[in-house]
Amino acid sequence: MPLITLTTDFGDADGFVGVLKGVIFGICPHGRVVDLAHSIPDGDIIHAAYVLRNAYLYFPPGTIHIAVVDPGVGGGRGAIALRAVDQFFVGPDNGLLAWVVREVEAAGEEIRAWSLEDERFHLSPVSSTFHGRDIFAPVGAFLAQGVDPAEMGPELRASLEPEGELSGGPVVDLLPAPSDPAGAGRVIHVDKFGNCVTTIEAALLPPPMVSGEVPGILEVETAGGLRQVKGLFPSYDSVEAGEAVAVEGSSGLVEIAVNGGSAAERLGLERGARLRLARP
Amino acid sequence: MPLITLTTDFGDADGFVGVLKGVIFGICPHGRVVDLAHSIPDGDIIHAAYVLRNAYLYFPPGTIHIAVVDPGVGGGRGAIALRAVDQFFVGPDNGLLAWVVREVEAAGEEIRAWSLEDERFHLSPVSSTFHGRDIFAPVGAFLAQGVDPAEMGPELRASLEPEGELSGGPVVDLLPAPSDPAGAGRVIHVDKFGNCVTTIEAALLPPPMVSGEVPGILEVETAGGLRQVKGLFPSYDSVEAGEAVAVEGSSGLVEIAVNGGSAAERLGLERGARLRLARP
Amino acid sequence: MPLITLTTDFGDADGFVGVLKGVIFGICPHGRVVDLAHSIPDGDIIHAAYVLRNAYLYFPPGTIHIAVVDPGVGGGRGAIALRAVDQFFVGPDNGLLAWVVREVEAAGEEIRAWSLEDERFHLSPVSSTFHGRDIFAPVGAFLAQGVDPAEMGPELRASLEPEGELSGGPVVDLLPAPSDPAGAGRVIHVDKFGNCVTTIEAALLPPPMVSGEVPGILEVETAGGLRQVKGLFPSYDSVEAGEAVAVEGSSGLVEIAVNGGSAAERLGLERGARLRLARP
């Protein structure tokens, strides 16, 4: 029986996540559910897109990822299921799945998408405020039971490109464009420790910098102006406590950190801040 | 094997919830446990009663709900197991289960209750401060194993009415009385998004208002005085961003919301605030 | 299939815990995972050591406890697996496991330890910032699959004593020394309700005090100077609401509480504060 993961901004106080699981186990009694994150900031699609992109490769084939960060619930946004890299992704079509799509497209892997329109796979009636319970949880559970997504609604052109039908949402604006110079990027995620993950892939930096043989310098846009951070170093404690450091983070992206502290706080760094390689 | 749900104010920092699960799996090795909510505000019985009432109908028959928000632990309050609508409810008799009881009674469904007095189904010794671990978790696990609740202690008269033996706690004071006019009610729950759920059942409002054909007006008691909110509308974004809106929430109760924001904050709304239908 | 517990400071916003589970289920598809605590304050080894010490005895034989509060990740600290009381403990060797070790040693039970050096049981490559994912989760999953820990690396002298090779970290400094007078101790943990757990074992206090027949007096070091607290009483509500009370907490340790409130706040109590028996 495949795993089902849940990613939401539902928190742990209102029972929303528990209800999703009640619905899932009602349809798929032998399912196994894994919580990916439920303290996504309210409505923060970019945060959730990062969490999904960072996690999916660590799950076994067949895993079904249900993601519900859905500020437009009940309005006009679509509801989709994607199949890619032998996994499923289910959620609103608001950009939540856009980083996964972008990455799968870049790797040249096949990706297919369906619009979740067939009410046989939804609860009845469908509320206007809780599609997690009424659409996404039952759809995920039916996928786990082996239902073919092609039964659930019409197929979409599964691409973020102009000819595609998937929404890029606010996520793709932060991702590097092909025209960006190597080593340029943005802070895309601030984690709970205050580490600032960037969109710069460590492997694409100059080799002596990646190996740490000859640390380079990244110029980082902070609240207090431009600031230089050295790296890549092998670990947070390669520098003195309280000092800033650039490392290769656990997903292969360059991360700006402060040894023993919060880089976001100490450097005044926020999501969206720009960085570029000042000296390799 | 039935599901066991957990609802507590134990949070996620002290290991309390994990210990409940250790106890449950020790007794019932093949049990499946679902977290309903663990960030109930400390000792907030009303909050927990709402979460349970809102969730139980989405769980399969046989589910056992263990709820532990228990500010009077170790004192004189009773410990009970209820059976209703093919499910079990286990917890302190402090009002935590009162909304479920009220609803089941109103539907004319049978409800039975037992006082959890038989120590064979508790850990030994029973501490004075952690009955979740020592009484409620093992009782729930033994129920999942198929033990008859009649073995666990004497049966109670399972009613909130004067002739019954169940405690209504602080919950029933907020629920509508039979003498209340139609369309009058209270805010009973503020969720993590700031949406304010009321005790008014949407289905009982005038039909043109329910269908949204002719929106009515609700008069709402706020920190800044009386305020009028229009509804019912089909979704949060039926009004401009930042505007207040009344919708039918996901449990069939009228909900006061603000599109893209927190109604609790923007309108100064708190649990207990009164509402009434000003113009249908 | 044994249980696997997880104790971390990873929170619920970044997907870290979900990724651990993806890795675990990839290796051990039939594993069952229990969350012990994920809101340990960032890097707070003492807090985590308390949670583990308080929980492990409530888990069935064979349980594997993975604990990752790891401020020195990627630096020089070791990575270990312990076997004691028919359970496994996996984590960084930074003191996180020291209270369990101390307690098992005091009980005269055997304890064995291995240094996790064999890369066959790690993900590849191992990042420098996320050993939870790359080392501790896979090691725990392989233990659940029945791999002998002796295959995972060289055995260590499993003791906190000078001849041993395990780190006591910051934890052991707070635990009572053999030279301490009976009834003297420290606040070791402040729980989410503000209850202050001490290192004083209730069972070692004078019997009339333990039974509550003749309450004694504990002198407690607070922010506002020395303060006397009466106890042991049978439960929080043995005193008036708002009053301080000493009870036997759920783990057999003396706990300083305030009926219906937070002892930490009302008394100005912090971890590390000293207590002693003023009058038995």
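How much area do chain A and chain C bury between them? The answer is about 2200 Å², with 55% of it on carbon and sulfur atoms. Keep in mind as you read that this is a predicted model.

Let's stay at that interface for a moment. Contact here involves 29 residues of chain A and 29 residues of chain C. On the polar side, the rule picks out 13 residue pairs in polar contact across the interface of chain A and chain C, both partners being at pLDDT 80 or more. It also finds one salt bridge across this interface. If you want to look it up, go to A:Lys192 and C:Asp42, where the closest N and O atoms are 2.6 Å apart. As for which elements do the touching, β2 (32–37), α2 (45–55), β8 (185–190) and β12 (244–248) of chain A each bring at least two residues to the side of chain A that touches chain C. β2(A) gives the most to that side, with five residues.

Now for how the two copies are related. In general, two copies of a chain are related by a rotation about an axis and a shift along it. Here, a turn of 120° and a shift of 0.0 Å along the axis lay chain A on chain C with an RMSD of 0.0 Å. That is why you can read the arrangement as the relation of a three-fold axis. The copies use different surfaces, too: just 3% of the contact residues of chain A recur in chain C.

Next, have a look inside chain C. Its seven-strand sheet is open and mixed in its pairing, and the strands come in the order β2-β1-β3-β5-β4-β6-β7. At the edges you'll find β2 (32–37) and β7 (155–156) of chain C, each pairing on one side only. Within the sheet, β4 (residues 79–84) and β5 (residues 87–92) of chain C run antiparallel and are joined by six bridges. To get your bearings along that pair, find C:Leu82, which stands opposite C:Phe89 in β5(C). Helix α4 (residues 131–144) of chain C packs on the sheet, where it touches β1, β3 (64–68), β4 and β5 of chain C, and its direction makes about 175° with that of β3(C). Another chain gets involved as well: helix α1 (residues 16–27) of chain B lies across β1 (3–8) and β2 of chain C, running at about 145° to β2(C).

Back in chain A, β10 (residues 216–222) and β11 (residues 225–233) are worth tracing. Seven bridges join these antiparallel strands, and they form a hairpin with two residues between them. Along this pair, A:Gly216 stands opposite A:Gly231 in β11(A). β11(A) also pairs with β12(A), this time in the parallel sense and over two bridges; there, A:Phe233 stands opposite A:Val247.

Finally, some backbone details. Where does C:Pro125 sit? You'll find C:Pro125 in the loop between β6 (111–115) and α4 of chain C, and the peptide bond leading to it from C:Ser124 is cis, with omega near 0°. Another cis peptide bond runs from C:Gly231 to C:Leu232, with omega near -5°; C:Leu232 has its place in strand β11 (residues 225–233) of chain C. Over in chain A, A:Val85 has a phi near 40°, a positive value in a residue other than glycine. A:Val85 is in the loop between β4 (79–84) and β5 (87–92) of chain A.

Technical notes. Residues numbered from 1 in each chain as written. Chains lettered and ligands numbered in written order. Predicted model: local features only at pLDDT ≥ 70, side-chain atom pairs only at ≥ 80, totals over all residues. Heavy atoms only, no water. Pairing = 2+ DSSP bridges. Helix = DSSP H or I, 4+ residues; strand = E, 2+ residues; numbered from the N terminus. Contact = heavy atoms within 4.5 Å. Axes fitted to C-alpha atoms, helices over the stretch in contact; angles between N-to-C directions. Least-squares fit on C-alpha atoms with pLDDT ≥ 70 in both. Buried area = accessible area lost by both parts, 1.4 Å probe. Salt bridge = Lys/Arg side-chain N within 4 Å of Asp/Glu carboxyl O. Polar contact = N/O pair within 3.5 Å; in protein donor to acceptor, adjacent residues only side chain to side chain.
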